[in-house]
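I set out to record what can be looked up in this model, one item at a time. The entries follow in the order in which I made them.

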Amino acid sequence: MDRVDLAYVVGVVLGKEEVDGIRVAYITYTSTLGKWVKDPEAVVQYLVSIGKAKVVKSGQGRSVILTDREMMGRVNNLLTPREDVDPLTLVIEGIRKLANPLSGYADIGDLIKYIEGSLTYRLRRLRSS
């Protein structure tokens, strides 16, 4: 997974789909992306320079809008269960297993890895049947 793929996974998980693409609050997006890349603002600028995102004013702050529909579709396919699995149940199950006992929160990166692992396991099991 390269930085563009990672940026889109984080955006799809955190963002809200709108007409122009997926909108994510700039600070939330860069702070979350910063858990995996050294300079998240440089990644955002790179996405803008290659035409896969734009940064817009939003209220008193800024938002990142991810604009590549094909990339959004690929990420959604990655995150969408392939069998009769309720996505919300899978997310809640992951949060319960990964949550820090003191705070009750789970790291979003760990949660993404858990969901991907669960879906990969289920897909392999389905293919071997």
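**Entry 1: D68**

I began with D68, which is found in the loop between β4 (61–66) and α4 (69–79). The model is predicted, and I read every entry with that in mind.

I then asked whether D68 is buried or exposed. Its relative accessible area is 16%, and because the cut-off for buried is under 20%, D68 counts as buried.

Next I looked up the partners of D68. Setting aside neighbours within four places in sequence, I found D68 in contact with Y8 and K52. With K52 there is a polar contact between the side chains, at 2.4 Å.

**Entry 2: β3 and β4**

From the loop I went back to the strand before it. I noted that β4 pairs with strand β3 (residues 53–58) in the antiparallel sense, over six bridges. Within this pairing, V55 stands opposite V64 in β4.

I also examined the connection. β3 and β4 form a hairpin with two residues between them, and G59 in the turn has a positive phi of about 65°.

**Entry 3: the nonpolar cores**

Which residues have the most contacts inside the largest nonpolar core? I found Y8, Y29, L33, L47, V64 and L66; the core has 24 residues. At least two residues of this core are supplied by each of α1 (3–14), β2 (22–25), α2 (26–33), α3 (40–49), β4, α4 and α6 (108–128). The largest share, seven residues, comes from α1.

Apart from this core I located another, of five residues, among them L90, L111, Y114 and I115. As background, I noted that in soluble globular proteins nonpolar side chains tend to be buried together.

**Entry 4: Y8**

I returned to Y8, since the name had come up both as a contact of D68 and in the list for the largest core. Not counting residues up to four places away in sequence, Y8 touches Y29, L47, K52, L66, T67, D68, M71, M72 and V75. K52 and D68, joined by the polar contact of their side chains, are thus both on the list for Y8.

**Entry 5: V43**

My final item was V43, whose place is in helix α3. V43 counts as buried, because its relative accessibility is 4%. Leaving aside neighbours within four places in sequence, I found V43 in contact with R3, A7, L33 and V37; L33 is one of the residues with the most contacts inside the largest core.

I also checked V43 against V19, 24 residues apart along the chain. Their C-alpha atoms are separated by 23 Å.

Conventions:
Residues numbered from 1 in each chain as written. Predicted model: local features only at pLDDT ≥ 70, side-chain atom pairs only at ≥ 80, totals over all residues. Heavy atoms only, no water. Helix = DSSP H or I, 4+ residues; strand = E, 2+ residues; numbered from the N terminus. Buried < 20%, exposed > 50% of the residue type's maximum accessible area, 1.4 Å probe, protein only. Polar contact = N/O pair within 3.5 Å; in protein donor to acceptor, adjacent residues only side chain to side chain. Contact = heavy atoms within 4.5 Å. Pairing = 2+ DSSP bridges. Core = buried A, V, L, I, M, F, W, Y, C linked by side-chain atoms within 4.5 Å.
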